[in-house]
Amino acid sequence: WTSELRFIRCLPNPNNPLSTYTHQPIHSLHHPSFLSQSTLLNQPWHKILDLEESISKMKIIHVAGTKGKGSTCTFTEAILRNCGFRTGLFTSPHLIDCGYKRREEKCTDDIPMPNLFRFLALLAFKTFAAEQVDVAIMEVGLGGKFDATNVVQTPVVCGIASLGYDHTEILGDTLAAIAGEKAGIFKKGVPAFTVPQPDEAMEVLKEKASQLDVPLQVAYPLDSKLLNGLNLGLVGDHQYVNAGLAIKLCSTWLQSTGHLEPDSIDQNNSLPQQFIKGLTTATLQGRAQIIPDPSLDIESVGDLVFYLDGAHSPESMEVCANWFSIAIKEDDRQLKNSNDIVPLNHGETASKNSTQILLFNCMSVRDPQLLLPRLVKTCGGHGVNFNKALFVPNMSLYTKVGSTSSLSSTDPVADLSWQLTLQRVWENIIFGERGNTNNSDPVSVDGKDYSEPIVKTCENSMVFSSLPLAIKWLRDAAKQNKSVRMQVLVTGSLHLVGDVMKILKR
């Protein structure tokens with residue numbers, strides 16, 4: 001595959017040229033990512049890429065978890081980069097693009113091509129070896145024990161972020177079963193850290209650690225006072241949990257590799273400046289990210305603003321709702337202070353009003369009855385109510401790998417049965433919360449161009465045949481409703497967030 005690498009282009013994290021976004025695993029009991037670890041080692045893939053020795057020599061930090069593992073890896077990479085080390089970061093899923101081409105001359109029935117996630121994991125190892133990184137931070141894609149990243153036999157340190165119920169159709173429907181899978185990244189005698197966990201999960205982690213003589217310790221949330229008045233680069237109170245874990249992973253890595261004296265970092269009293277800079281400058285696209293629509297005229301900047309967060313579990317949905325509610329209130333406050341006004345007839349003026357719109361999709365393995373009520377209730381607790389919800393298909397022609405074309409009215413229509421299900425759930429929730437209010441809609445759009453793209457319109461929601469057409473509707477609404485500032489929350493799926501970011505950057 002050495003010759004294949006020139007044909008592969010993966011979009012890197014702009015803040016770290018050696019980081020790689022990867023594809024999220026497909027959820028299936030027979031998913032290749034969940035074949036046993038020996039499956040990968042028994043195949044000659046790593047030998048073709050000369051990876052076996054390279055992986056064994058890498059100074060790796062391996063992180064699993066249900067919630068926060070990506071943020072933990074991001075903090076970890078930022079800290080060590082600011083300490084002066086050459087870092088490699090492997091996280092999933094990709095957000096913007098992950099185009100790739102691969103030849104298969106060397107693949108046979110006996111030596112098949114690996115699935116995409118495993119292929120990219122191997123590519124990450126190959127890239128990190130070629131670039132001679134000082135440290136490789138590897139985020140588990142799914143589970144731990146049978147994950148494609150778990151070819152690592154001698155990591156420097158392992159981390160387990162917060163555990164919860166996700167991918168239960170694969171990992172099991174109890175916290176004990178899920179914890180057992182995540183603990184599969186533990187290696188004999190290698191130190192490991194975890195954040196405070198539910199008792200059921202913690203007991204399993206301790207048991208697995210004991211079996212492998214793993215010194216398992218709990219990393220407690222970071223005290224915000226140690227940041228010297230600064231804020232974490234990643235938004236949300238939950239990020240202090242992830243930051244605390246990242247600090248332990250970094251300090252242990254530094255000590256184990258001879259760059260730091262044991263116990264020289266006192267997390268209770270102070271942090272090195274490099275740690276503070278890393279924690280406060282870390283960025284993670286698609287999480288608590290705000291993007292004003294760049295397509296509108298300069299006079300209309302702020303009329304359409306996208307609030308993106310890839311939350312896709314009930315717990316993360318609540319965190320997302322809190323962030324969104326606080327963020328829009330702060331934005332509205334700044335808007336009023338800027339004296340942003342709308343010209344009316346005869347020289348009169350009026351202040352702009354804000355309206356909230358939800359742009360949502362989630363995978364069919366998720367339960368919208370758990371996600372959407374949590375979102376509505378949490379936002380409602382802040383006095384934030386969505387004027388409209390827009391549902392779009394999980395896949396469209398626009399989101400295919402390498403596609404740069406938009407979807408026109410002549411393109412084939414995706415299966416929208418899942419989006420119609422989401423719409424029914426939403427309408428039932430809103431009716432239960434508000435009843436049949438018959439409130440007038442502050443956002444209206446000339447409908448002459450939307451008879452086909454809008455598949456079904458209800459009082460509180462719409463289903464669109466594609467994401468690009470939903471974005472077009474939002475942009476037209478912003479142009480036609482000058483007195484309204486539209487605040488769009490995009491959530492439910494990191495893939496949806498990435499697709500929206502791709503459209504906004506065109």
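This passage walks through some aromatic pairs, a helix packing and two loop residues in a predicted model.

Aromatic rings make a good place to start. Eight aromatic pairs turn up in the structure. Take tyrosine 307 and phenylalanine 324: their ring centres sit 5.3 Å apart and their planes meet at 80°, so this pair counts as edge-to-face, given that the label applies to planes over 60 degrees apart. Tyrosine 307 belongs to strand β9 (residues 304-308), while phenylalanine 324 belongs to helix α11 (residues 314-337), so the pair ties together parts that are 17 residues apart in sequence. As for exposure, tyrosine 307 and phenylalanine 324 are both buried.

Phenylalanine 360 and phenylalanine 391 make another edge-to-face pair, with 6.2 Å from centre to centre and 80° between the planes. Here two strands are involved: phenylalanine 360 is in β12 (residues 353-360) and phenylalanine 391 is in β13 (residues 386-391), so parts 31 residues apart in sequence are tied together by this pair. Phenylalanine 360 is buried, and phenylalanine 391 is buried too. The four residues just described also show up in a wider group, since ring pairs link Tyr307, Trp323, Phe324, Phe360, Phe386, Phe391 and Trp426 into a cluster.

Next come two helices. When two helices pack, the angle between their axes and the distance between those axes describe the arrangement. For helix α14 (residues 467-480) and helix α15 (residues 494-504), the angle is about 60° and the axes are 11 Å apart. That angle makes α14 and α15 oblique to each other, because it falls short of the 65 to 115 degrees that count as roughly perpendicular and is not under 35 degrees, the cut-off for roughly parallel. The crossing of α14 past α15 is right-handed. On the α14 side, the contact is made by Leu467, Pro468, Ile471 and Arg475, and these meet Leu496, Asp499, Val500, Ile503 and Leu504 of α15. Sorted by type, the residues of this contact come out as seven nonpolar, two charged and no polar.

Finally, a look at the backbone in two loops. Aspartate 213 has a phi near 55°, which is a positive value in a residue other than glycine. Aspartate 213 is found in the loop between α8 (199-211) and β7 (216-218). Asparagine 228 likewise has a positive phi without being glycine, with a value near 60°. The loop that holds asparagine 228 runs between β7 and α9 (239-256). With a relative accessible area of 55%, asparagine 228 is exposed, as the cut-off for that label is over 50%.

Notes. Residues numbered from 1 in each chain as written. Predicted model: local features only at pLDDT ≥ 70, side-chain atom pairs only at ≥ 80, totals over all residues. Heavy atoms only, no water. Phe/Tyr/Trp six-rings, centres within 6.5 Å; stacked < 30°, edge-to-face > 60°. Helix = DSSP H or I, 4+ residues; strand = E, 2+ residues; numbered from the N terminus. Buried < 20%, exposed > 50% of the residue type's maximum accessible area, 1.4 Å probe, protein only. Axes fitted to C-alpha atoms, helices over the stretch in contact; angles between N-to-C directions. Parallel < 35°, antiparallel > 145°, perpendicular 65-115°, else oblique. Left-handed = near helix turned anticlockwise from the far one by under 90°. Contact = heavy atoms within 4.5 Å. Nonpolar A, V, L, I, M, F, W, Y, C, P; charged D, E, K, R; others polar.
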